[in-house]
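Here is a friendly walk through a protein–DNA model, written to be read beside the picture. Take a moment to find the chains and strands before reading on.

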There are 2 protein chains.
Amino acid sequence: MADADLSPPDGPVRTITDLARLAGVSAGTVSRALAGNSLVNARTRERIQQLARAHGFQLNQMASNLRRQRTGVVGVAIPLGHDRRQQISDAFFMTLLGHLADELTEHGHDLMLRRVIPDRDEDWLARFTGSGMVDGLIVIGQSDQFARIEAAAAHYLPMVVWGNHQEGQRHCVVGTDNRLGGRLAAERLLAAGATKLAFFGDTAPIEFAARFAGASDVAAQAGVPIIACPTPLAVDRMPGEIARHLARHASRIDGIFAATDTLAVACLKQLHERGLAVPERMRLVGFDDLPVAGQTTPPLTSIRQDIAAGARGLVDLLLRRLAGENTESLVLPPELVVRATA
Amino acid sequence: MADADLSPPDGPVRTITDLARLAGVSAGTVSRALAGNSLVNARTRERIQQLARAHGFQLNQMASNLRRQRTGVVGVAIPLGHDRRQQISDAFFMTLLGHLADELTEHGHDLMLRRVIPDRDEDWLARFTGSGMVDGLIVIGQSDQFARIEAAAAHYLPMVVWGNHQEGQRHCVVGTDNRLGGRLAAERLLAAGATKLAFFGDTAPIEFAARFAGASDVAAQAGVPIIACPTPLAVDRMPGEIARHLARHASRIDGIFAATDTLAVACLKQLHERGLAVPERMRLVGFDDLPVAGQTTPPLTSIRQDIAAGARGLVDLLLRRLAGENTESLVLPPELVVRATA
DNA sequence: GCGCAAATTTCAAACGTTTGCATTTTTCGG
DNA sequence: CCGAAAAATGCAAACGTTTGAAATTTGCGC
């Protein structure tokens, strides 16, 4: 029986049964051997693993998954609200996605990415969670789906969402304290000498709304005005909209809080074109502290979100939920990074 | 039998068998009904679908996949060479990934993302293709895995790779004509008045090597010198390295071809800090034409890759390969986008 | 050698679908 | 109404693995 591997070279060994025949044992033993189960004799185990390597055997994951009722795959859903085209190419989301991939891989999970357009697809959440294809779900951004997510959270435990934390919400969320971030931004603008503020960004997503609210808190407290300038994040419409805002309001403001670094960079460009000196004539603070923030001229002052920590948090909480724990939300502290624009 | 749905509310209906019991038919019929198979009577079909909706029934994909021997999932592998941390956060790759997600979703496929570190994981390709988890594979970037990919292509057909096309290669690739792109860049630099060129970028990845080669062609033909300045793409080391290159070579060059817009943006910043006027004293051309290119000051002249077209090509070719066709590679034309830096 | 426990291995039943084939029901021309 | 063809449904065998329980082998003290 030691020379089983000297048998004539037969067809490709695809299934565990093929391998069993080759090794002269039963399928069950092979399965256990490959899993490193100590129930099977160390020598047989080694011999089988050897054989598997030699024949380039790959376990069929589908079958394994079906039987074990788990897949080792975590779903990552990116709901796209109205601003369809924007979000997925947004540097922030992409960086988060990259870190998520790292973090999940590290823990032996695969990542199944799905972009969903909630308007077109009523039950995108149920479809994903109920498919049996994923063990758990990470949702990147609440978009305008807060209610739906909240509803799903009642039945489906292994789900963690990146976004903003609301008082008393049911679903587990990881995200930056956007309101605090907004305060930090406004405080910095004031400290840099601004006396009349503007907020650039769409206030529909609750993250952005919270940032604006934080800035408004500070402005109210200091008795300075702050005006909201709704600006789309879609890359093609952004510059025009900013130009329009500046044309209307530039004379009435001397400090801008941009909801996003991407927005801030676009602002910087428009300000430059209008000949408004930054930071002398106009202070500017962004949000996210993307790599690009350090590379603009002048370098951008921004509110840093620790994306890597966010990804770690998402994965950590999800794994704990997969283990049955009912985790609390995680709110990360934002951090002011002072460069040259404010 | 019409009032089957008036039966007492029992446990959740998870399996097709539950649904069958509820509908008073066999599992087979339910399966066919849900698939819209015309073998089953239109009325029963409708009734079953109704029932499924009412109970929020979700087909178990794992079981379905196992039985049908296909998953509807396309794997996307991102091999990370030496420059680990860089690539996945690189705006170009991320944008491509976003478009891929779009395009695959459009065709009813899901996307399974996997970052692989070839050094640590010898047979990352076999593991992915042999797992039975994916119907086909898209590899983003050849990195330093050309040989391994080439080997896999011999056995595994449904695979398409983003990258550079080599004469006589076996695996199907989609990518920009990097050499031509390099030529366009160099030609533009010369047209803008440059007389001594430099190439900034790592020439190890074959895409970049081809860009450099294209530029060198033009330089040689025009009789102007071009020097290669190896620059890492890792965001933390990039600025320092650029500064070092400029300190050494700035006096000897008046035109820079950056392998990437990300690199070009960093160059722009360093040039500004050294007080070298762009484009008067130093012409600069980037590559990719990322959104950021239009937002720098001055706006960046760049070589445009049509990322969306690339994604469409990758998916289209993969689908055709899944259908059994043996497709040729697709080489996309780059396009010069003239802005203000050259 | 015997008996008993421990160590291995085999057996067979799942996991939830899909699908070829057999079987039942319906339809319809005569 | 009969019989045959057509339409609809049921049956049961896969898909390839895992795993509890049963069966077999091995080890060991006496």
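## Around DNA strand C

A good place to start is B:Ala63, where a backbone N or O atom lies 3.4 Å from a base nitrogen of DNA strand C. Such a pair is a polar contact, meaning N or O atoms within 3.5 Å; within protein, one must be able to donate a hydrogen and the other to accept it, and residues adjacent in sequence count only if both atoms are side-chain atoms. The model you are looking at is predicted, so local features need pLDDT of at least 70 and side-chain atom pairs count only at pLDDT 80 or more, while totals for chains, interfaces and linings use all residues. Residues are numbered from 1 along each chain as its sequence is written, chains are lettered from A and ligands numbered from 1 in the order in which they are written, and side-chain values use heavy atoms, with hydrogens and water left out.

Other contacts join that one on DNA strand C. A polar backbone atom of B:Ile16 is 2.5 Å from a phosphate oxygen of the strand, and an N or O atom in the side chain of A:Arg67 is 3.0 Å from a base nitrogen.

In total, 24 residues surround DNA strand C, and the closest are A:Thr29, A:Arg32, B:Ile16, B:Ser31 and B:Arg67. A residue is counted as near when one of its heavy atoms lies within 4 Å of the strand. Sugar or phosphate provides 64% of the strand atoms within 4 Å of the protein, and bases provide the rest.

## What lines strand C

Which helix gives the most to the surface near DNA strand C? It is α4(B), with 4 residues. At least two residues each come from α2 and α4 of chain A and from α2 and α4 of chain B. Helices here are DSSP runs (H or I, at least four residues), numbered from the N terminus.

By class, this surface holds 8 nonpolar, 10 polar and 6 charged residues. Ala, Val, Leu, Ile, Met, Phe, Trp, Tyr, Cys and Pro count as nonpolar, Asp, Glu, Lys and Arg as charged, and the others, Gly among them, as polar.

## Around DNA strand D

DNA strand D is also surrounded by 24 residues, the closest being A:Ile16, A:Ser31, A:Arg67, B:Ser26 and B:Arg32. Of its atoms that come within 4 Å of the protein, 63% are sugar and phosphate. A polar side-chain atom of A:Arg67 lies 2.3 Å from a base oxygen, and the side chain of A:Arg32 has an N or O atom 2.9 Å from a base oxygen. At the phosphates, a backbone N or O atom of A:Asn60 is 3.3 Å from an oxygen of DNA strand D.

For this strand, α4(A) supplies the largest share of the nearby surface, 4 residues. The surface divides into 8 nonpolar, 11 polar and 5 charged residues.

## How the two chains relate

A turn of 180° with a shift of 0.0 Å along the axis lays chain A on chain B with an RMSD of 0.1 Å, superposed by least squares on the C-alpha atoms of residues with pLDDT of at least 70 in both. That is why the relation is one of a two-fold axis. In chain A, the C-alpha nearest that axis belongs to A:Met112, 2.2 Å away.
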